[in-house]
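Biologist: I'm new to this structure, so please pick one part and take me through it closely, then show me how it sits with the rest.

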Amino acid sequence: MVATAATSAFFPAASPSPSPNTGSKSSKTGATNLRVPKSKSGSGSLQVKANAQAPPKVNGTSVGLASSVEGMKGGDDMPSSHSHPRTFINQLPDWSMLLAAITTIFLAAEKQWMMLDWKPKRPDMLMDPFGLGRIVQDGLVFRQNFSIRSYEIGADRTASIETLMNHLQETALNHVKSAGLLGDGFGSTPEMTKKNLIWVVTKMQVVIDRYPTWGDVVQVDTWVSASGKNGMRRDWVIRDSGTGAILTRASSVWVMMNKLTRRLSKIPEEVRGEIEPYFMNFDPVVEEDGRKLTKLDDKTADFVRSGLTPRWSDLDINQHVNNVKYIGWILESAPLPILESHELSSLTLEYRRECGRDSVLRSLTTVSDAGVGDLGTPRGVECQHLLQLENGGEIVRGRTEWRPKYANNLGSAGELPAEST
């Protein structure tokens, strides 16, 4: 349409020629008779009838009747059939149409440029602008970027441990999906789906060197390796996408469970054939902590929180409580002075059994390396945790280590940053 408008502006269409039937004897209402004097040649008189209407226009210029009559001189009884003589002036284009065509072209070009210029201005988002992730390192490592949202930070103005754990879980599932192994289940392969098998985590170790803040973009890498005969290990590394500095490392062990019987299962050969091509021969990113986790009870626990129940939103697609929710419940019984003066630096969890939507739980915590009255001192603190059912069944055992806040930024534990003046 733009090209048509531009063409018509430069080459206006020719006006139609006047009708040759000007010698008709019948006349319309309001017509006047014009008599042309006899020519000296004695060829007779020529009577012309013209309509008393608005004078015709050629290229926007009015043309009078005198001009029309003059164009008929020197001929026979029939008028001349040629149009108004072409001159340089009436050959010029209609400048208003030309201006409109040029404006339309520029607006269309600007719109197309804006549609193509969709890339974000931040360099740290160019590698993965939509946060969909991609396969790297010969198809064995999955990488995905996450931007820390305002609703993912806590009272310390940093991302919460639940946010980081959700990033680990998201990349694990997207890894399976990108590899083409996602069946009709929560991370299950097609062969696992046929046999009603699902993955369950048995142990998780997380080390946090530094927490990202609101607006930071983190890069998460994950891969899988073999763990014994019937297990799989999954590792993660979270980096600052701008500097490449490692923020968090995590290692986990997974086994298979029958979705119907809720019992652990060996890895079938069909499933092994699906997942083994993606195994990497790497050591765990977090060194194995061989210390035994202590079993707590009402006598050995310093803090107890009872009456914890899962909500509908806490359940995953397999109808059991999401693993990340367990961490929040464990920290429910952590003493407030630790939460106010320290930040979580490492976490070790051993999952004993699953939790259903009708379960009622208790969270128990004991402080190992410091008395309750010394929790505000600027040194590291270690806690032991137990999440159990009201009837005593163990859900998760855990160990957490805490460092004083701002220790990473200032180098001296417990020292608060000075307010700017």
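Modeller: Let's start with Trp329, which counts as buried at 4% relative accessibility (buried means under 20% relative accessible area, exposed over 50% and partly exposed in between, using a 1.4 Å probe and protein chains only). Before we go on: this is a predicted model, where local features need pLDDT of at least 70 and side-chain atom pairs count only at pLDDT 80 or more, while totals for chains, interfaces and linings use all residues. Residues are numbered from 1 along each chain as its sequence is written, and side-chain values use heavy atoms, with hydrogens and water left out.

Trp329 is one of the buried residues of helix 7, together with Asn323, Val324, Tyr326, Ile327, Ile330 and Leu331. Helix 7 covers residues 323-331, and seven of its nine residues are buried. (Helices are DSSP runs of H or I with at least four residues, strands are E runs of at least two, and both are numbered from the N terminus.) At the start of this helix, a side-chain oxygen of Asn322 comes within 2.9 Å of the backbone nitrogen of Val324.

Now for the rings. The whole structure holds three aromatic pairs. In one of them, the ring centres of Tyr326 and Trp329 are 6.2 Å apart and the planes meet at 35°, so this pair is tilted (rings of Phe, Tyr and Trp, the last by its six-membered ring, pair if their centres lie within 6.5 Å; planes under 30 degrees apart are stacked, over 60 edge-to-face, and the rest tilted). Tyr326 and Trp329 are about one helical turn apart, because three residues separate them in helix 7. An α-helix has 3.6 residues a turn, so residues three or four places apart point the same way.

Tyr326 is buried too, at 2% relative accessibility. It also pairs with Tyr351, again tilted, at 5.7 Å centre to centre and 40° between the planes. Since Tyr326 lies in helix 7 and Tyr351 in strand 13 (residues 342-351), this pair ties together parts 25 residues apart in sequence. Ring pairs thus join Tyr326, Trp329 and Tyr351 into a cluster.

Tyr326 matters for the next step as well. In the largest nonpolar core, which has 54 residues, Tyr326 and Leu387 touch the most other members. (A nonpolar core is a set of buried Ala, Val, Leu, Ile, Met, Phe, Trp, Tyr and Cys residues joined through side-chain atoms within 4.5 Å.) In soluble globular proteins, nonpolar side chains tend to be buried together. Leaving out neighbours within four places in sequence, Tyr326 is in contact with Val321, Tyr351, Arg353, Glu354, Cys355, Leu387, Ile395 and Val396 (contact means heavy atoms within 4.5 Å). One of those partners, Cys355, is buried at 1% relative accessibility.

Ile327, next along the helix, leads us to helix 4 (residues 161-178), where Ile161 sits. The C-alpha atoms of Ile161 and Ile327 are 8.3 Å apart, although 166 residues separate them along the chain. Ile161 is buried at 6% relative accessible area. Beyond its neighbours within four places in sequence, Ile161 is in contact with Ile208, Tyr211, Ile327, Leu331 and Leu344, so helix 7 supplies two of the buried residues on that list, Ile327 and Leu331.

Leu387 gives us a way out to a charged side chain. Among the contacts of Arg362, leaving out neighbours within four places, are Leu387, Gln388 and Asp298. Arg362 belongs to strand 14 (residues 361-367) and is buried, with a relative accessible area of 11%. Its side chain makes a polar contact of 2.6 Å with the side chain of Asp298 (a polar contact is a pair of N or O atoms within 3.5 Å; within protein, one must be able to donate a hydrogen and the other to accept it, and residues adjacent in sequence count only if both atoms are side-chain atoms). Another polar contact of 2.6 Å joins the side chains of Arg362 and Gln388. Those two residues are 26 apart in sequence, yet 5.4 Å apart in space, C-alpha to C-alpha.

Stepping back, the chain has nine helices and 16 strands, and buried residues make up 38% of its 421 residues. Of contacts between residues at least 6 apart in sequence, 67% join residues at least 24 apart.
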